[in-house]
Structure formats: C-alpha cells, structure tokens
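Here is a quick tour for someone meeting this structure for the first time. Have a look at the sequence and the model, then read on.

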Amino acid sequence: MKIKALGNLYPLPSKPMTLGEQRLIKREFGVVPTADLDLQDPDQLAAFLYAAMREHSPDATAKQILQSINRVRV
C-alpha cells in the first residue's frame with residue numbers, strides 16, 4: 001500500500017507484511033490494508049497505525065503495538 005502525505009506517495013510498510021501480520025490486522029480491525037484507506041474510519045485508521053508502528057518499531061510485539069494504538073486519542 002502507499003500513503004500520500006504532503007503530495008508524496010510513500011510505501012507503507014516498506015517491506016511486505018507477513019501473512020500472520022495481515023491476518024492479525026484483519027482479525028483485530030476487520031480490514032485488509034489497501035491504498036484506499038478511509039482515515040475517518042477508526043478501524044482503518046488503527047490498521048494504518050499498526051503498519052506505521054510496526055515499521056517504526058520492528059522489535060515491538062503485536063500486543064505492545066495494539067496497546068499503544070488503543071491509547072491514541074483522536
């Protein structure tokens with residue numbers, strides 16, 4: 001998937017996600033990440049955040065990332 005920010009397209013994640021990570025995102029948030037994210041939808045926003053946080057902290061566990069996402073205030 002690619003994310004557009006300030007007129008530029010960035011690949012996110014930069015490496016393919018494992019099947020397990022994709023299943024976790026679908027199971028946890030009910031979505032499969034695509035380029036057509038609706039960031040007004042909390043589940044799609046959470047899925048995007050998961051991909052971004054995994055990119056930023058590859059050693060973090062899925063549980064740690066999910067706990068961080070659940071604390072985000074919007």
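## The chain as a whole

A residue counts as buried when its relative accessible area is under 20%. By that cut-off, 28% of the chain's 74 residues are buried. Keep in mind that what you're looking at is a predicted model.

As for the layout, the chain has 3 helices and 2 strands. Follow the sequence along and you get the pattern β-β-α-α-α. Among contacts in the chain with a separation of 6 or more, 39% are between residues 24 or more positions apart.

## How two helices meet

Two packed helices are described by the angle between their axes and the distance between the axes. So let's do just that for helix α1, which covers residues 19–29, and helix α2, which covers residues 42–56. Their axes come within 10 Å and cross at roughly 150 degrees. Angles over 145 degrees count as roughly antiparallel, so α1 is roughly antiparallel to α2. The crossing of α1 past α2 is right-handed.

Which residues in α1 and α2 meet? On the α1 side they are Glu21, Leu24, Ile25 and Phe29, and on the α2 side Asp43, Ala46, Ala47, Tyr50 and Arg54. Sort the residues of this contact by type and you find 6 nonpolar, 3 charged and no polar ones.

## A salt bridge between the helices

Two of the residues just listed, Glu21 and Arg54, deserve another look. Arginine 54 forms a salt bridge with glutamate 21, and their closest N and O atoms are 3.0 Å apart. Arginine 54 sits in helix α2 and glutamate 21 in helix α1, so the pair ties together parts that are 33 residues apart in sequence. How many salt bridges does the count come to? The answer is 1 salt bridge.

Are the partners buried or exposed? Arginine 54 has a relative accessible area of 17%, so arginine 54 is buried. Glutamate 21 has 18% relative accessibility, so glutamate 21 counts as buried too.

## Around arginine 54

What else does arginine 54, found in helix α2, touch? Leaving aside residues up to four places away in sequence, arginine 54 touches Glu21, Ala60, Thr61, Ala62 and Ile65. Glu21 is the salt-bridge partner we've already met, and Glu21 is also one of the α1 residues that meet α2.

Methods:
Residues are numbered from 1 along each chain as its sequence is written. This is a predicted model: local features need pLDDT of at least 70, side-chain atom pairs count only at pLDDT 80 or more; totals for chains, interfaces and linings use all residues. Side-chain values use heavy atoms; hydrogens and water are left out. Axes are lines fitted to C-alpha atoms, for helices over the stretch in contact, and angles run from 0 to 180 degrees between N-to-C directions. Helices (H or I, at least four residues) and strands (E, at least two) are DSSP runs, numbered from the N terminus. Angles under 35 degrees count as roughly parallel, over 145 as roughly antiparallel, 65 to 115 as roughly perpendicular and the rest as oblique. A crossing is left-handed if the near helix is turned anticlockwise from the far one by less than a right angle, and right-handed if clockwise. Contact means heavy atoms within 4.5 Å. Ala, Val, Leu, Ile, Met, Phe, Trp, Tyr, Cys and Pro count as nonpolar, Asp, Glu, Lys and Arg as charged, and the others, Gly among them, as polar. A salt bridge is a side-chain nitrogen of Lys or Arg within 4 Å of a carboxyl oxygen of Asp or Glu. Buried means under 20% relative accessible area, exposed over 50%, partly exposed in between (1.4 Å probe, protein chains only).
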